[in-house]
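Please open the structure in a viewer and keep the sequence panel visible. The tour below proceeds by selection, with a short account at each stop.

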Amino acid sequence: MGLNLSNRQIAQELDINKDDAQKMTNQLRESIFSRLPMAVLSGEVEADEVYVVAGHKGNPEAVKKRP
């Protein structure tokens, strides 16, 4: 996983079924995630907000800015 390989590539390298490689990588990711400490924010915290309207091709009224 550290080599940035897809599940298909891992399956080919290990000569196993792609579904087994999927299960294996999912278990590894879940195990790694469960051991990470929770992020704790303190003090002053800032967050940016972005609103992007994509699509609505042929319907410019749906893309107009909101009041």
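The stops run from the whole chain to individual residues.

**Whole chain.** Begin with everything selected, bearing in mind that this is a predicted model. The protein chain has 67 residues, of which 7% count as buried. Its secondary structure comes to 2 helices and 0 strands. With a surface displayed, the chain exposes about 6,900 Å², and carbon and sulfur atoms supply 53% of that area.

**Helix H1 and Asn7.** Next, select residues 7–14, which form helix H1 and include Asn7. Is Asn7 buried or exposed? Asn7 counts as buried because its relative accessibility is 17%, below the cut-off of 20%. To see what surrounds Asn7, add Ala21, Gln22, Thr25 and Arg29 to the selection: these are its contacts once neighbours within four places in sequence are left aside.

**The loop and Asp15.** Proceed to Asp15, found in the loop between H1 and H2. The backbone deserves inspection here: Asp15 is not a glycine, yet has a positive phi of about 55 degrees. Most residues other than glycine have a negative phi. At 71% relative accessibility, Asp15 counts as exposed.

**The start of H2.** Now select Asn17 together with Asp19. Asn17 caps the N-terminal end of H2, with a side-chain oxygen 2.6 Å from the backbone nitrogen of Asp19.

**Helix H2.** Extend the selection to residues 18–35 and display the C-alpha atoms at both ends of helix H2. What span should its 18 residues give at 1.5 Å a residue? The expected value is 26 Å, and the end C-alpha atoms are 26 Å apart, so the two agree.

**A nonpolar patch.** Finally, select Ile32, Phe33 and Leu36, which make a nonpolar surface patch of about 350 Å². Of these residues, Leu36 lies in the segment after H2. Leu36 counts as exposed because its relative accessibility is 53%, above the cut-off of 50%.

Technical notes
Residues are numbered from 1 along each chain as its sequence is written. This is a predicted model: local features need pLDDT of at least 70, side-chain atom pairs count only at pLDDT 80 or more; totals for chains, interfaces and linings use all residues. Side-chain values use heavy atoms; hydrogens and water are left out. Helices (H or I, at least four residues) and strands (E, at least two) are DSSP runs, numbered from the N terminus. The expected span of a helix is 1.5 Å times one less than its number of residues. A polar contact is a pair of N or O atoms within 3.5 Å; within protein, one must be able to donate a hydrogen and the other to accept it, and residues adjacent in sequence count only if both atoms are side-chain atoms. Buried means under 20% relative accessible area, exposed over 50%, partly exposed in between (1.4 Å probe, protein chains only). Accessible areas come from the Shrake-Rupley method with a 1.4 Å probe; for residues, only the protein chains shown count as cover. Contact means heavy atoms within 4.5 Å. Patches are made of residues with over 30% relative accessible area and no salt bridge: like charges are joined within 9 Å, nonpolar side chains (Val, Leu, Ile, Met, Phe, Trp, Tyr) within 5 Å. A salt bridge is a side-chain nitrogen of Lys or Arg within 4 Å of a carboxyl oxygen of Asp or Glu.
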